Structures are given as C-alpha cells and as structure tokens.
Amino acid sequence: TMDYRGYGTSRGEPSEEALVEDALFYYDWLLTRPDVDKARIVALGRSLGAGVAVALAEKRKLRGVILVTPFDTLQSVAQDAYPYVPMGFLLQHPFDSLSRAKAIHTPALVVVAEKDEVISPEHAWRLVDGWAGDVTAFTLPDVGHDDVKSAPAYWPTIVGFLSRMEVQSDG
C-alpha cells in the first residue's frame, strides 16, 4: 500500500499520470524481489485507486485485479454530481477505466457498494460490462462508499477470489 502523491507521507502533486507512474514503479520494484512470485501479483484498488489499478492492469501482467467501488470514467462520475457543468472541459484527469478495460483480459473482481453515495453503482456496472476478461462482480448490500470494508461479505469475497486465482495459477 502507498499514499497518493501529496497525501500522507508522500510528496509531490497528485495527477492521473503521476499515480499510474507510481503504481508502475512499485510493480516493477516487486519484480526485483526474490521473495515475490511474479506470476501471482494481484492489484487491489478502491475508488480512485481502482482507476490506478485498471491502468496498471493495462500496462503490466497481473494474475488478477480487485476493484472496489470502481467507476467507468471519472468524467461520468463528476457529470452525475454536476449535471449542468461541462465536466469534459474542466476535468484534467479523466481516469477513463472503461476505454482501458476493453483491452484487459486479466481476471477481475469488482466489488460494488449498493448504497454508494460517491460513485453510483451504475458506473461500476458499466466497467463490468466493458471488461474484456473474466469478471466476478459482487454487490455489497446496505453499504455506502466509505463503509464497504465493514460489510460482512467484504473480506470473504476478496479471499474467495484470491483462492480461485491460486487454484487457477497452480493448475
């Protein structure tokens, strides 16, 4: 795990390009470690981090990707929030996960919060529909954007997906 640039203990300015650069750097660093099985790297991204994980899956070989409260494009999420503002002209970092997803064959787990008040579930479902590889999608009932980890099914769903990745990678 890491802090975004400009947040926590990280320095610099956050941007789509910078965050993806950081993810690529950490992925490449993992490949140098002798204690890491390069064939078993899985990325997990939540909310904005899901956009970073999608970009990583587009650019590097992953065993799987877990997307928690993801979106199709940041522009469409912003447009929902501000329907009368031309977000396409204002948004500097589009995080267009949907256009990337069409070329990604990495197996994905998509975790949707039923009552997400930040990223409407329809944005996650558009991403699911556009994903080129196998997708397991799961809706967590009665939770919002910020309390997904408190849902009883959250960790078991992730562990189940990772267990399936283990079985698939071994045989």
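Let's call a residue buried when its relative accessible area is under 20%, and exposed when that value is over 50%, with partly exposed for anything in between. Keep in mind that what you're looking at is a predicted model. With that cut-off, buried residues account for 43% of the 171 residues in the protein chain. The accessible surface adds up to about 9,500 Å², and 55% of that belongs to carbon and sulfur atoms.

Now for the overall layout. The protein chain carries seven helices and four strands, and if you walk along the sequence the pattern reads α-β-α-β-α-α-α-β-α-β-α. Take the contacts between residues at least 6 apart in sequence: 65% of them join residues at least 24 apart.

A good place to start is helix H1, residues 16–31. This helix has 16 residues and spans 23 Å from its first C-alpha to its last, close to the 22 Å expected at 1.5 Å a residue. The buried residues in H1 are Glu 16, Ala 18, Leu 19, Val 20, Asp 22, Ala 23, Leu 24 and Tyr 27. As background, an α-helix has 3.6 residues a turn, so residues three or four places apart point the same way. What do the buried residues of H1 pack against? Their partners are helix H2 (48–59) and H5.

Follow that packing over to H2. Here 12 residues reach 17 Å between the first and last C-alpha, close to the expected 16 Å at 1.5 Å a residue. H2 is mostly covered, with nine of its 12 residues buried: Gly 49, Ala 50, Gly 51, Val 52, Ala 53, Val 54, Ala 55, Leu 56 and Ala 57. These buried residues pack against H1, strand E1 (42–46), E2, H5 and H6.

That brings us to the nonpolar cores. The largest one has 24 residues, and the members with the most contacts inside it are Leu 62, Val 65, Leu 67 and Trp 131. H1, H2, E2, strand E3 (108–113) and helix H6 (121–130) are the elements that each give two or more residues to this core. The largest share, six residues, comes from H2. If you'd like one residue to click on, try Leu 67: leaving out residues up to four places away in sequence, Leu 67 touches Gly 45, Ala 50, Ala 53, Val 54, Leu 109, Val 110, Val 111, Leu 127 and Trp 131. Apart from the largest core lies another core, of 13 residues, among them Val 143, Val 148, Ile 158 and Phe 161.

Next, the rings. Pairing requires ring centres within 6.5 Å, and by this rule there are three aromatic pairs. One of them joins Phe 25 and Tyr 26: the centres are 5.4 Å apart and the planes sit at 80°, so the pair is edge-to-face. Phe 25 counts as exposed at 52% relative accessibility, while Tyr 26 is partly exposed at 40%. Another edge-to-face pair is Phe 71 with Phe 95, at 6.5 Å centre to centre and 85° between the planes. Phe 71 is in the loop between strand E2 (64–68) and helix H3 (74–81), and Phe 95 is in the loop between helix H4 (87–90) and helix H5 (97–101), so this pair ties together parts that are 24 residues apart in sequence. Both Phe 71 and Phe 95 are buried.

Stay in that E2–H3 loop and you'll find Asp 72. Is Asp 72 buried or exposed? Its relative accessible area is 3%, so Asp 72 is buried. The side chain of Asp 72 makes a polar contact with the side chain of Arg 126, at 2.8 Å. Setting aside neighbours within four places in sequence, Asp 72 is in contact with Phe 95, Asp 96, Ser 97, Leu 98, His 123, Arg 126 and Leu 127. Ser 97, found in helix H5, is buried too, with a relative accessible area of 1%. Not counting residues up to four places away, Ser 97 touches Gly 51, Val 54, Phe 71, Asp 72 and Leu 127.

Last stop: Lys 102, in the loop between H5 and E3. With a relative accessible area of 56%, Lys 102 is exposed. Beyond residues up to four places away in sequence, Lys 102 touches Gly 130 and Ala 132. The C-alpha atoms of Lys 102 and Glu 58 are separated by 9.5 Å, though the two residues are 44 residues apart along the chain.

How values were computed: Residues numbered from 1 in each chain as written. Predicted model: local features only at pLDDT ≥ 70, side-chain atom pairs only at ≥ 80, totals over all residues. Heavy atoms only, no water. Phe/Tyr/Trp six-rings, centres within 6.5 Å; stacked < 30°, edge-to-face > 60°. Buried < 20%, exposed > 50% of the residue type's maximum accessible area, 1.4 Å probe, protein only. Expected span 1.5 Å × (residues − 1). Contact = heavy atoms within 4.5 Å. Polar contact = N/O pair within 3.5 Å; in protein donor to acceptor, adjacent residues only side chain to side chain. Core = buried A, V, L, I, M, F, W, Y, C linked by side-chain atoms within 4.5 Å. Areas by Shrake-Rupley, 256 points an atom, 1.4 Å probe, with all protein chains shown as cover.
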